[in-house]
Amino acid sequence: MNAASIGVIGLGTMGIGIVQVFAAAGYQVLATDSHAPARNSAVDRLAAALASRVAAGKMTEATHAETLARVQLVENPGQMGDAELAIEAVVEDLTAKQEIFAALERVMAPDAVLASNTSSLSIAALAQGLDRPERLVGLHFFNPAPAMKLVELVPHSGTSAPALQKVRALMQPAGKTLIDCPDRPGFIVNRCARPFYGEALALLEEGRAAAEVDAAMLASGYRMGPFSLIDLVGADINLAATEGLNRAMGGHPRYHVFAALRAQVASGNLGRKTGRGFVFPDPLASPPSDAAAIVLRIEAMLANEAGWLLAEGGVQREGIDTAMKLGLNLPRGPFECLRAHGTATILAELERLERLAPAHLRGRYLPAPELDAA
């Protein structure tokens, strides 16, 4: 058992998953939620999640009991003074998160680390107003947190080296892959995933069927096509993420919000959670005759977005590839796509797409400077 305590604030699906990660790693976990029903049901929900692992033969009854025993519910963040790391996983509201960090600062040790599980807010903005902003980092887990190996580690410009060192040490028993990310909109995965969905939606706008786009990607080794993935996550969630990144990036056409996505949300056919989506529950089509061209187009845009992110600094090619493979279960990362097709082929495809782009997408396909340097 680890002697350190971990605090988790926010006990929705993501928060409960983070609690499970650290309790399973042997930590004492202090957990809370301002919403009493969520707080009061947390142990039962965690017990049910662990019971499914017992039923699958992945956990013993004894380990189930030991893991639950490490979780202590507290009334509020003010009772997390013993935590060496406290992670908030509440609603994406800047003020709400800052209030939580202010409460934590009043009780936690000076060298304790504060972390946000935000997927969309600036870590630097969250650090404003803190007495010790140097100890704040982003720790972006992916859903479901116990199963997904990736965690994006996001320092802001003032995050201290000791804080980062402590986070890495505390995360090591959790068995996650930490990838350093720049404090930029969307970090790595949410930023670089936009073309995976967006270019599929561009093809849909041009008259291609969603099912045949997915079939093309499946035939090239992808576990899920872009429309199946939208259906899995929910079209409403995808739309919110796309709109957020579009705003953060000044409305650049690389983050265009396609009318088909808005219409899908307006229809109420959000995917698996509503019983119907772009392709769910209908079976996938056979790969079209031009499947390779569809794959090239989407992978060219994945590589290009990764190139633009790389040019902004704070991340490495290998980190981007690893993050995209672990965060989206892609068979290859953007720079692996670049190497597989060849830089000349990717640049030629981007030039073709830009030449044919309609007015509302003009500028979407301009190549990143990092592609020329590949």
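Student: In this predicted model, which residue of strand 7 is the bridge partner of L139?

Tutor: Strand 6 and strand 7 run antiparallel and are joined by five bridges. One of the bridge pairs involves L139, and its partner in strand 7 is L153.

Student: How many bridges join strand 7 to strand 8, and which residue of strand 8 stands opposite L150?

Tutor: Strand 7 and strand 8 run parallel, and the bridges that join them number four. In this pairing, the residue of strand 8 that stands opposite L150 is T177.

Student: What is the handedness of the β-α-β crossover from strand 7 to strand 8?

Tutor: Between strand 7 and strand 8 the chain passes through helix 6, residues 161–171. The path from strand 7 over helix 6 to strand 8 forms a β-α-β crossover that is right-handed.

Student: Is strand 7 mostly covered or mostly uncovered, and how many of its residues are buried?

Tutor: A residue counts as buried when its relative accessible area is under 20%. By that criterion strand 7 is mostly covered, and of its six residues the number buried is five.

Student: What is the strand order of the sheet, and which strands stand at its edges?

Tutor: The sheet is open, has eight strands with mixed pairing, and follows the order 3-2-1-4-5-6-7-8. Each edge strand has a single partner strand, so one side of it is left without a neighbour in the sheet. The edges are formed by strand 3 (71–73) and strand 8 (177–180).

Student: Which residue of strand 2 stands opposite V8?

Tutor: Strand 1 (residues 5–9) and strand 2 (residues 28–32) run parallel, joined by five bridges. Opposite V8, the residue in strand 2 is A31.

Student: Which strands does helix 4 lie across, and at what angle does helix 4 run to strand 5?

Tutor: Helix 4 comprises residues 94–107 and lies across strand 1, strand 4 (83–88), strand 5 (113–116) and strand 6 (136–141). Its angle to strand 5 is about 165 degrees.

Student: Which strands does helix 14 touch, and what angle does its direction make with that of strand 8?

Tutor: Helix 14, residues 317–328, packs on the sheet and touches strand 7 (150–155) and strand 8. With the direction of strand 8, the direction of helix 14 makes an angle of about 135 degrees.

Student: Where are the cis peptide bonds that lead into P144 and P281?

Tutor: P144 is found in the loop between strand 6 and strand 7, and P281 lies in the loop between helix 12 (259–267) and helix 13 (291–312). The cis bond into P144 has omega of about 0 degrees and comes from N143. The cis bond into P281, with omega near 5 degrees, comes from F280.

Student: Is F187 buried or exposed, and what is its phi?

Tutor: F187 is found in the loop between strand 8 and helix 7 (189–192). Its relative accessibility is 2%, so F187 counts as buried. Although F187 is not a glycine, its phi is positive, at about 50 degrees.

Student: What radius of gyration does the protein have, and what would a compact globule have?

Tutor: For 374 residues, a compact globule would have a radius of gyration near 21 Å. The C-alpha trace of the protein spans about 60 × 45 × 35 Å along its principal axes. The radius of gyration of the protein agrees with the value for a globule, at 22 Å.

Technical notes: Residues numbered from 1 in each chain as written. Predicted model: local features only at pLDDT ≥ 70, side-chain atom pairs only at ≥ 80, totals over all residues. Heavy atoms only, no water. Pairing = 2+ DSSP bridges. Helix = DSSP H or I, 4+ residues; strand = E, 2+ residues; numbered from the N terminus. Contact = heavy atoms within 4.5 Å. Axes fitted to C-alpha atoms, helices over the stretch in contact; angles between N-to-C directions. Rg over C-alpha atoms; globule rule 2.2 N^0.38 Å. Buried < 20%, exposed > 50% of the residue type's maximum accessible area, 1.4 Å probe, protein only. Right-handed = clockwise from strand over helix to strand, strands pointing away.
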